[in-house]
Amino acid sequence: MVTDMLSDRPADRPNDAAQNPPTLEHRLRAIEDRLAIYNLIAGHPPSADTGAGSYAEAVYTDDGVFDRGPGLTGTTGNKAMAALLTSPGHQAAIAGGLAHFTGLPHVTIAGDDAVVISYLQILTPKKSGAEIDVPNHGSSRGYHIHRVVTNRWELKRTPSGWKIKRRTLRPVDGTEPSREILRGALGAFA
Amino acid sequence: MVTDMLSDRPADRPNDAAQNPPTLEHRLRAIEDRLAIYNLIAGHPPSADTGAGSYAEAVYTDDGVFDRGPGLTGTTGNKAMAALLTSPGHQAAIAGGLAHFTGLPHVTIAGDDAVVISYLQILTPKKSGAEIDVPNHGSSRGYHIHRVVTNRWELKRTPSGWKIKRRTLRPVDGTEPSREILRGALGAFA
Amino acid sequence: MVTDMLSDRPADRPNDAAQNPPTLEHRLRAIEDRLAIYNLIAGHPPSADTGAGSYAEAVYTDDGVFDRGPGLTGTTGNKAMAALLTSPGHQAAIAGGLAHFTGLPHVTIAGDDAVVISYLQILTPKKSGAEIDVPNHGSSRGYHIHRVVTNRWELKRTPSGWKIKRRTLRPVDGTEPSREILRGALGAFA
């Protein structure tokens, strides 16, 4: 358990290797799953920041849940996700300049299910304030980090690739819910 | 097409598997390509923030293009890229404290070509304002996010590794050009 | 040397291939090592921001060094690392809202050792100032980027996975030490 948590492939596992060695196909599949999941997570900011409803419809399951916690509207179902991205509110955010910025995600795969824990910043250009000049990099009022949230993505393997069955996010505000999400990356050490 | 976009290795592709299964070598090469490209993208901030001209010369093609859009100087050719990093303007930016900070990139590989779509923040220490104290983490005036840009990296395989033949970046300012870059990660759903 | 730096698997290496081709097992192991290291680096923010001492104890070596440079307390040994995360000072930072946000790391593996170079932001919610509204994304005072640091992670393979034997970080403040860390990602081009 501890070993599994710390490494995809422990450096030394004499018992496992003797009793139940992973096949080459199993190892390759685990690697390809990981890389497919990285691209799925990396595709989220481009879809959110362009309001690509058809993309969201394709990567959420029919009954996929988007849970933003109290205070912000979530939704259920891939068609409703698509509608959220193309809603007037979301389109207004895009028109003001919107960037979802994702850090390196932590990925745990177990068969046909996977859990991804990631941080995300939501950025917008500042609309007021003094411009600052940086040599060779122009002038700018800078950007406002509007939200920093922790994310738990529950994924499942489908005939058309890994899809999102539930995404839960909570703001980093010093309260427990965002930490509860982070503990999903710590396995037995949470 | 849809399946290719969503997953590096679809969970189920009976037709493909029967007609034209990828070989082990093909699968391994695709994985190694992906990881090589991650390191190429991860090497950009260290090279930009230290002004490592010889590195830039090595990773751009002879005719590589660096396109920052209207308002900022771009250049063409790996030797010119090197010169830009060692220019007085760029060195002045470094002296003030400069951090290029990259999010998780989206990577699409097709044979000997690849396209990477990524977000990048450019950060500098604030030169004025009140210091804030965070327990166990010292005092700081904080950092100014000078720019948030979307990037399209067009890469090609060469005998000495993947190289950059064109990097196009556009600022997130609510206008269309930065969104056009992001759509490069959405395949048929853009 | 140059080729090694730019690519995990050069596109063309006739001499190597003829004299000493890597085995399938060697290639798979290199890939699995890389992915294990990505998860190790991605596990750091969740552990730091929840104060997970037992996690830190598991991923640092017995004599692991945590070097934050002049001005901030570092420590030596995995048990001392755990104590730092559970200290009153660190817990106070967590209670105020704390997010370690990591960019895409650069990874170099050489046998049973690895070096990772990464950027990290430390963010906290602003405690004062005007609230800004972003359509469909609520209101917020925004976040303060308290620190931007460069990190060098020296890892080693152990029977229970890759562990941290030394982590060195330096703030981006325009001085040389943070650049010295970044050069660890540039190989012969530093």
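Two rings of Phe, Tyr or Trp (its six-membered ring) make an aromatic pair here if their centres lie within 6.5 Å; planes under 30 degrees apart count as stacked, over 60 as edge-to-face, and the rest as tilted. By that rule, the structure has twelve aromatic pairs over all chains.

Before going on, a word on the ground rules. This is a predicted model, where local features need pLDDT of at least 70 and side-chain atom pairs count only at pLDDT 80 or more, while totals for chains, interfaces and linings use all residues. Residues are numbered from 1 along each chain as its sequence is written, chains are lettered from A in the order in which they are written, and side-chain values use heavy atoms, leaving out hydrogens and water.

**The aromatic cluster**

A:F101, A:Y119, B:F101, B:Y119, C:F101 and C:Y119 form one aromatic cluster. Here are two of its pairs:

| Pair | Centre to centre | Angle between planes | Class |
|---|---|---|---|
| A:Y119 and C:F101 | 6.3 Å | 45° | tilted |
| B:F101 and C:F101 | 6.2 Å | 45° | tilted |

The A:Y119 and C:F101 pair joins two chains, because A:Y119 sits in strand β5 (residues 113-125) of chain A and C:F101 in strand β3 (residues 99-102) of chain C. Strands are DSSP runs of E with at least two residues, helices are runs of H or I with at least four, and both are numbered from the N terminus. The other pair also crosses between chains, going from β3 (residues 99-102) of chain B to β3 of chain C.

Are these rings buried or exposed? Both A:Y119 and C:F101 are buried, where buried means under 20% relative accessible area, exposed over 50%, and partly exposed in between (1.4 Å probe, protein chains only). C:F101 has a relative accessible area of 0%, and B:F101 is at 0% too.

**How the copies relate**

Chain C lands on chain A with an RMSD of 0.0 Å after a turn of 120° and a shift of 0.0 Å along the axis. The two copies are therefore related as by a three-fold rotation axis. The superposition is by least squares on C-alpha atoms of residues with pLDDT of at least 70 in both copies. In chain C, the residue closest to that axis is C:G103, at 3.1 Å (C-alpha).

**Helix α6 of chain A**

In α6(A), residues 88-95, the buried residues are A:H90, A:A93 and A:I94. They share one side of the helix because they cover an arc of only 100° around its axis, taken from the directions from the axis to the C-beta atoms. A:P88 and A:A95, on the other side, are exposed.

The buried residues pack against α3 (24-50) and α5 (78-85) of chain A, along with α7 (176-182) of chain B; contact means heavy atoms within 4.5 Å. After the helix comes A:G97, with a positive phi near 95°.
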